[in-house]
Amino acid sequence: MGAFGHYLAAHFDTLKSEFWALFVGGVANGLLYGMIAVGYTLVYGVLRLINFAHSEIFMSGGFAGYFVMRYFVGAGAPPAGMSSVGLIILGVLVGGLVGAIVATVLERVAYRPLRKRNAPKLAYLISAIGASYFLFNLAGKEFGHLAYATPQPYINHPVFHIFGAPVQMYFVIIFLVGLVMFTALDRVISKTRLGRGIRAVAQDAETASLMGVNIDRTIAITFIVGGTLGGAAGFLFGLSYGVVYTMGFVPALKAFTAAVLGGIGNLRGAMIGGLILGIFESLSLVFVQAAYIDVVAFGILVTVLLVRPTGILGERLGRAA
Amino acid sequence: MKLRLNKTVAVVASSALLLLAVPAVGMASASSAATKPKPKPTYVIGYEGPLSGGNLQLGLNMVFSVELAINQANATHKLPFKLKIVRYDDQGDPTLSPTQAQSAVANKKLIAIVGPAFSGATAAAEPYYQAASVATVSPSATRVTLASSGWNNFFRVVADDGVQGPSDANYIVKTKGFKSVYVVNDGSAYGSGLASAFATQATTDGATVTTATVPGTAQCSDGTGSATEYTGAATQAVHSGASALFYGGYYCDLGLFLGALSSAGYTGTIMSGDGSDSSALISGTTPASAANNVLLSCACAVSTNKAFNKGFQNLSNFSANGATYAPEAYDATNVIIAAMKRLKKITRAGVVAALHKITYKGITKLIKFQKDGNIAGSAIYVNKVESGKVVQLGLE
């Protein structure tokens with residue numbers, strides 16, 4: 001055995017007792033990462049561009065949800081029952097809508113003019129970073145630099161237990177919203193005419209346009225879809241962690257990692273990458289301090305990329321999904 | 001004006017003026033001065049601190065208190081002298097404070113300084129005050145080394161940074177009787193320093209201590225962590241089985257962590273230091289109820305003195321409640337005035353010597369200085385969040 005063996009044995013004992021609690025939290029984080037990652041992957045699929053302003057789409061959704069909750073719930077006691085359900089659906093819808101609007105504006109202002117002029121890829125990158133700075137500073141100016149707690153539209157209590165680990169209402173909400181959104185998105189992309197268009201543009205934009213796919217419209221819709229999920233994720237994140245103008249930066253960076261982990265450009269890869277990242281991060285807490293959690297996250301990423309340079313699922317949006 | 005040392009010089013000077021300058025205006029002013037029976041000499045108490053720039057509010061909190069104390073002292077008419085405030089704006093900046101200190105020292109009527117407000121500014125200014133034997137009584141400079149730099153004119157009415165962590169540990173372990181404490185720090189210089197000072201003292205006091213670093217988030221400050229990590233970190237705190245948790249860090253991240261702790265089902269006592277001692281902790285915690293009963297320590301006092309609170313509000317047009325370091329500045333001014341009252345002949349050096357010996361009952365605490373200028377006795381307050389408000393419980 002030796003010292004290291006004892007270290008591992010002690011930590012595996014902890015892992016056994018805390019596994020399910022950490023797992024539940026990890027799945028919830030993973031679903032959030034996945035919802036944001038979808039936006040990166042879709043845009044990458046059709047434009048071969050990392051939309052670094054996606055973090056601000058997430059932030060906009062968070063603030064939209066915050067204002068809706070402040071208006072309907074305010075400082076009063078959290079509602080219960082059907083009104084809770086209604087408020088959460090409303091929050092998801094408004095968060096998603098605002099996310100979609102910001103994404104659309106972003107595409108129109110920051111990307112389309114460059115595309116029309118056949119700008120080099122680096123110009124897109126700079127434009128993305130500029131848009132990101134503009135948006136979060138604008139939010140800071142408009143809403144102030146303080147962190148705001150979102151009024152709670154529900155009472156957070158354990159709903160049920162998995163192997164003794166309590167599953168909070170907040171996690172249940174994330175599971176449900178995440179599942180519904182992922183299922184719907186997967187269906188849209190793989191089964192509908194719209195999805196076929198997106199896949200066609202991802203595979204070969206020029207040929208797709210010759211075949212009668214309206215490229216501008218398809219790209220706009222891709223931004224709308226990614227923005228909706230990103231904005232909804234912003235609302236869900238803000239429900240538990242509050243909103244502040246810089247809230248997008250780290251979660252979006254994690255989500256970008258998740259997208260690369262799953263295979264950038266691959267829709268299911270983004271969802272799976274998000275889940276894996278969330279769960280591994282959470283479980284790694286048993287072995288390392290929270291300060292090193294990012295080391296674990298990026299360690300996983302590097303390891304996966306060493307073995308599979310294109311990510312876990314590795315294929316492009318055009319061929320898979 | 002700068003040459004006038006006291007009343008005698010003033011009279012000599014104006015007589016000289018009378019002799020040299022004959023015009024009627026000169027005559028009139030001199031004769032009216034002569035008819036007044038022995039006007040009291042005027043002394044200046046200076047305030048050095050930020051009176052413009054990003055830290056203006058902190059400076060305003062203090063300068064109104066200094067002014068209030070001086071106005072009250074003048075209003076009693078019992079003093080054998082009149083007091084006047086002169087403001088020296090250093091913006092809290094160490095590069096500006098030496099100039100302000102030199103200007104203050106050059107004012108011959110100036111007897112003592114309330115301030116400097118900031119530690120860095122104090123360190124830069126103190127050599128000039130020291131050379132001129134000007135006593136400085138700071139309401140707010142908390143850097144530990146200020147007291148050990150050998151400046152015998154340096155005093156402060158606030159506990160230094162090294163006191164808080166150990167004092168908090170004694171409060172949790174000895175006063176409250178918790179035998180097992182989970183100590184979290186946010187990875188910042190302030191948070192880890194406070195948490196490790198707490199952990200060391202708590203261990204000495206006989207408690208079982210588990211430590212964890214949970215980095216502050218980018219969304220709150222310049223941290224590197226993510227709020228999503230708090231879920232797992234809170235789960236671990238719960239599973240540690242500790243009945244008390246100490247957080248070394250700032251209010252914004254603590255707010256996020258409190259939400260995660262409440263989600264994870266933590267029910268023990270939670271305490272944090274002055275970095276979290278803010279009403280913004282309550283507005284930033286989701287749900288707000290998760291902040292209830294959190295204990296917050298601070299070297300800063302909240303004034304419960306009604307007369308002071310009323311006077312401060314009238315003068316400043318804002319409430320003394322939440323005006324950080326306002327009560328301390330009031331005490332600092334009053335302890336200087338008390339020292340001046342003891343002197344037959346008021347000199348700068350005399351005030352320094354008197355401050356070393358004085359015992360004065362202030363509105364924040366009993367003020368008595370140690371040899372190095374630090375305040376004697378316990379000077380850390382413990383506050384508690386009760387139904388959405390930070391309430392002061394008293395000294396630890």
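Which residues in H3(B) meet which residues in H12(B)? I shall take that question as the starting point for this predicted model.

On the side of H3(B), the residues concerned are Asn61(B), Met62(B), Phe64(B), Ser65(B), Val66(B), Leu68(B), Ala69(B), Ile70(B) and Ala73(B). Their partners in H12(B) are Ala326(B), Ala329(B), Tyr330(B), Thr333(B), Asn334(B) and Ile337(B). Sorted by class, the residues of this contact comprise eleven nonpolar, four polar and no charged.

As to geometry, helix H3 of chain B covers residues 56–76 and helix H12 of chain B covers residues 326–341. Their axes come within 8 Å and cross at roughly 40 degrees. The crossing of H3(B) past H12(B) is right-handed.

Let me now place this in the chain. The domain assignment divides chain B into domain 1, made up of 41–155 + 304–368, and domain 2, which spans 162–298. Between the C-alpha centres of domain 1 of chain B and domain 2 of chain B there are 34 Å.

I turn finally to the interface between the chains. Here, 33 residues of chain A are in contact with 33 residues of chain B. On the side of chain A that touches chain B, the elements giving two or more residues are helix H1 (2–47), strand E2 (165–168), helix H8 (215–241) and helix H9 (249–262) of chain A. H1(A) provides the largest share of that side, with seven residues. In terms of class, the side of chain A that touches chain B contains 19 nonpolar, twelve polar and two charged residues.

Technical notes
Residues are numbered from 1 along each chain as its sequence is written. Chains are lettered from A and ligands numbered from 1 in the order in which they are written. This is a predicted model: local features need pLDDT of at least 70, side-chain atom pairs count only at pLDDT 80 or more; totals for chains, interfaces and linings use all residues. Two residues are in contact if their C-beta atoms, placed from the backbone, lie within 7 Å. Helices (H or I, at least four residues) and strands (E, at least two) are DSSP runs, numbered from the N terminus. Ala, Val, Leu, Ile, Met, Phe, Trp, Tyr, Cys and Pro count as nonpolar, Asp, Glu, Lys and Arg as charged, and the others, Gly among them, as polar. Domain bounds come from an automatic or database domain assignment. Axes are lines fitted to C-alpha atoms, for helices over the stretch in contact, and angles run from 0 to 180 degrees between N-to-C directions. A crossing is left-handed if the near helix is turned anticlockwise from the far one by less than a right angle, and right-handed if clockwise.
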